[in-house]
Amino acid sequence: MHIFFIIVFLIVIFFDVKALENFKERCEIPIMRGPCQNWIHKWYYDSVLHQCRTYISGICKSENIFDSEAECLYYCVGGKNRNNTYFVSEPIEQKYEYGSSTLAPIAPSDRGAELTFSESGYYTVFMMAENNAFIQLDGNRIPTFQLRLCREISFQFRTRLPHGLLVYHSVKDRPTGLPPYALYVIVEKGQLKVVHVYGKHSTSVIVGEGLNHDIWHTVTVRIDVHGARLIAKVDNISAEKIIQGLHKSSNYGISTDLTSVVLIGGLSPEEKLHGVKYIIESFVGCIKEMVLSAGKAASDLLPIKPLIATKHDNVQEGCIDKCKTEDNICFQGSLCINHYNQLSCDCFGTLYEGEYCDIYVSTVLTLRGSSYVSYRVYDWKDRVHSSMNRISFMFKTRFDDSALFYASGESHKHHHIAISIYNGSVIVEIELGDGEPIFATVGNNTNSNQWHNLTILHKENMVDIMFNGETKNYILAGTRNYLYIDPEIYFGGGPTLSNKPGLKSHNNFVGSLKYVFFNDISILYELKRGNPKVHYIGFLSPEFTETEVDMIPITLPFPSSHILWPVASVNHISLMFDFKSHKHMAILVSSPVTTSTQNSSGFWELRMVNNEIRFELTPSSSKNVTQLTTVKYDLNIEGSWHKICLNYTKGLLTLNVDDKNKTTFLNGIQHFLAEQTITIGSGIGGKGSFGLVGCIREIWLDGIFLESRHMVRTNRTTGQVSIDNCQLVDPCKRPNACEHDGKCSVVDDNVICDCKGTGYIGKNCHFAQFRKTCEELALLGYTKPDVYLIDIDGNGKFPPAHVKCEFGAQGDSKTIVEHNLPSQIDVRSAAESDFSFTITYRDFPPEMLKELISHSLHCSQYIKYDCYKAPLDLHSATWFTSAAQEELINFIGYAKRGSCPCSMNKTCSNRTHSCNCDFPDAKWHSDEGHYLTSKYGGLGITKMVFLQQEHLQLDALGRITLGPLECVETNTQKYVVTFTTSQSYIEVPGWRKGDIAFSFRTTGEKAILLYQPPIRRQHPSFMVALTSDFKLTFNFTLNSGKSRDMEVKSRRRLNNGEWQKIWIDYNSHHVRFMINTDYEMIDLLPNEKFGPFEGSMYIGGATEDLLQVTTVSQGLIGCFRGLVVNGEILDIYSYMSVHLSEIIKECKPSCAPNPCKNGAKCKELWSTFQCVCENPWAYSGIYCENS
């Protein structure tokens, strides 16, 4: 037997060596650049240096090309590289090799106090990198870890995530009379949080900051039952609290042993079902040297030995750095970052970008003073203290006085990093809450239209500011040198810059940016690829090009739009500016004037009239007398820029237009600028209908340059004056001016949208009138199968469309889209020519079909080919195209390419063929099936092609039948719960923006349905509440801190125990609040903004402290279902951890059917019922059953 295995082993080695020898021949092939243009990072073997090297490959195909260093080493150096999986270095070296270990497990008696797995015993470090990973220790493995004893948990961990469950302890089979108990050790917001829950009492200790930088941290958690103390220590920082609810002498009130359960890294499925009080995400990272200790006193704790896991799932022994495995394909020079479950590449400093830093290009963004970029670093729940930060970017501009970057937040003190251009230098201010802030001025002449490079590195108490190769070093004062910022940070400007402490400039940046980084995130690359965390905020579309911006024009879109600007003197002005307009008449500048004649008041106007610029002086408003000075200019190029200079001093007026000059003397002027103001862009006060509709730039007043960004920011502008590169002079061309083909017009300097016939309502035709799905119609009570108008993407770009709705008994609805292809149409015969037919669907172009298919649960489409001596010949003579798939469809129904369903189940009439109709048999055959939502595709057939084959017999005939597209909609109502007490609630991730919908049913008079409190004072918040039998209230706080209330008075009773459907949506003009078929819509003022909301959202109620400040304090007793946020169904079951015993995963009314007797009325209480006897003197009992 031993000889046999040796022979097999030698044979394997022989063939393995032979294979390697053959592959080594490819390693000798010379490398060349190649003609292909898809430049990517590859590896090749350098036969001179005898090593694997990297290069930029444009080679289309070559033998000596490898995707990774490990592959190159394997084939060209020899054998599998046994070091291609690495561990984070440990005190005890724990090697890992491919394949299973052949070592026998260490005997339990030989193991120490540190946690190990029963099947090995060699590892005390574990990695959690998958969902639902956990290690479980049951009572038989930890018999001394008792509730009645003092307990201690110690371990080390490392992670990059700001949240995750480290350890959970509870007891199984809790005896009667013992309140619920649980201990949680979690990472939350980058801090260690220890929570002790005992009955209704909760005690928490928070210690440490910035624990998510992927370095080892040592944790000790101790419960001193005799002192009722909860002690938590991370590294060298500790904190403690008195445990609430614990009696100092009898502590938990038990003297017997209970069965414990300890979970590490995550919750097991059984514990999730038991109802854990806190919503906790699984830990991702590594945990090592886990020790559990217990003892009668805190001074004599003894570790449990051996500590062996009862079971584990999705946990790997060792702590593997994915950056040191073959998974790392980051381009050479970039930094690989290990996230345990994945890796990413930091391209900083490489001049490359892309997912693997392998694209030799930089994304450039040009900004024009009215836009900026925001990046959402994290959600509010993950807001962390960060001791290491990097901000870096290159910029190029001609303009001074600009904001480049801003990030801020509130901790125990205000934090911010502010970067501005001011007086030709870059001004940096860093305030981290402790000690004096850092003020730094670097560079000069930064507005020289040359590229400048700025990098700020913060590490603990050190800050390095590098500008164009020069570095300044700073040491932060204080002990808490963490950056603690709000989720949104801004590049190139930001909202309400005047309210942001630390910024020297309050103007948005004008110029170009590139190589923009926040830590390892390449901001502009992520913006261009559509990362939802990165947003471009502005009127215009983002310009991903390096564009020279030398001027900033101001747009005046209406005749009444104007700028009222102060002047220094009443009798002197020197005004110079450029303007352009497609109109031929306009007032450019005006001002009141007083004359010495009877001290009368009048005005002057600088007008454009066809090809003339006219200065018109009206000395007295009461007299129709005008003094005119005119300069003609060239109108050959319509819409071109023209330069005007107007000077007045001591009666002498000089007017220059495009270097054509005229001078005149004005008699009797007392005050040329009577109110020391000028109105730019219209007549005085914006009156009249001849104001400038166009653009103005390069304004100089009395020798001082008026910065366009500063002018537009002031309160001196009227009529939507803006900076948009003079591209949006026509208000109807502004983004979302009139949506959904609404007819746009300008009436009395207002944009008016005619929404008639569009299927939308609102100021700009944004809000859909029709429901999105047949399911929503069913929720409103529709039951008859019929043709209905629905709007498949709600307020999105697609118009309403006719579909046939079929309503299922179980709440499932089907959407059917008909087309124009007749049934059983002849497509193939000897007498026919080639048949080609374009199929159109009723109201559904291909893009809408794709949208319907994508948001449906599943779709199908029936197809059948009948044949008599007319072969199908898929691909060569028969093919289709579909809306859902761009490539050709050469299969029938759910089948592989070139085949029919009969080949899949091996039922074809001729087993050698792939379809029944592949053989010209002298009898009728058919191939039929359904295209499904699957990998084979084919849904939404839009074109059919049947070529006529040669040698068809005269009586040959082929017919095609194509059914309508049928889609079963996603059941948005599948997550349904019943709240049985008014104190119960479910906490879920908050609604930030978009739309929201849900359903409820109750018999109560008042109830909180949804509530999202403000993340901090004056921040947006909202509440949806039932406030009476027929009234629903939506209360929300705007970004200004102003509170608004909306009430919908329903035509049907809202607490009748039936389902009620609610929708909320909004845009910049309105907020719409709908209940069933009733709705209210309120207008938002131009300076008001709805949302975004932050923080958690509460369903059915809220915590006691939050209820103290709400207008409605009762929670929902009843049912709730179908919470849909921005089109995504929220699985509320996964968040049902709080008060689980008071929330049921279904909705079954106790009064259906009516259990009451003798005509008694059943009062629904949602977990039980109450029978109200018709005559309490005549009947009694629970069911009124006793007479």
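A contact is counted here when heavy atoms lie within 4.5 Å. On that basis, residues 24 or more positions apart supply 66% of the contacts in the protein chain with a separation of 6 or more.

The model is predicted. Its pLDDT averages 87 over the protein chain, and 90% of the residues score at least 70. Residues 1-23 have a pLDDT below 50. This N-terminal stretch makes five contacts beyond near neighbours in sequence. Residues 79-101 also stay under 50 in pLDDT. For residues 79-101, the model has 49 contacts beyond four places in sequence.

The protein chain comprises 1187 residues. Nine helices and 80 strands were assigned. The C-alpha trace spans about 120 × 105 × 100 Å along its principal axes. Buried residues make up 52% of the chain. The accessible surface comes to about 55000 Å². Carbon and sulfur atoms contribute 51% of that surface.

The largest nonpolar core holds 55 residues. Phe155, Leu166, Met290 and Leu292 have the most contacts inside it. Leaving aside residues up to four places away in sequence, Met290 touches Phe155, another of these four. Its other partners include Ala113, Glu114 and Leu115, together with Ile153 and Ser154. Met290 further touches Val167, Ile264 and Leu307. A second core, separate from the largest, has 50 residues. Among its members are Ala801, Ile853, Cys859 and Met944.

Charged side chains number 113 positive and 127 negative. The centres of the two sets lie 3 Å apart.

Note on methods. Residues are numbered from 1 along each chain as its sequence is written. Side-chain values use heavy atoms; hydrogens and water are left out. pLDDT is the predictor's confidence in each residue, from 0 to 100. A nonpolar core is a set of buried Ala, Val, Leu, Ile, Met, Phe, Trp, Tyr and Cys residues joined through side-chain atoms within 4.5 Å. Buried means under 20% relative accessible area, exposed over 50%, partly exposed in between (1.4 Å probe, protein chains only). Helices (H or I, at least four residues) and strands (E, at least two) are DSSP runs, numbered from the N terminus. Accessible areas come from the Shrake-Rupley method with a 1.4 Å probe; for residues, only the protein chains shown count as cover. Lys and Arg count as positive and Asp and Glu as negative; His and the chain ends are not counted. The place of a charge is taken as NZ of Lys, CZ of Arg, CG of Asp or CD of Glu.
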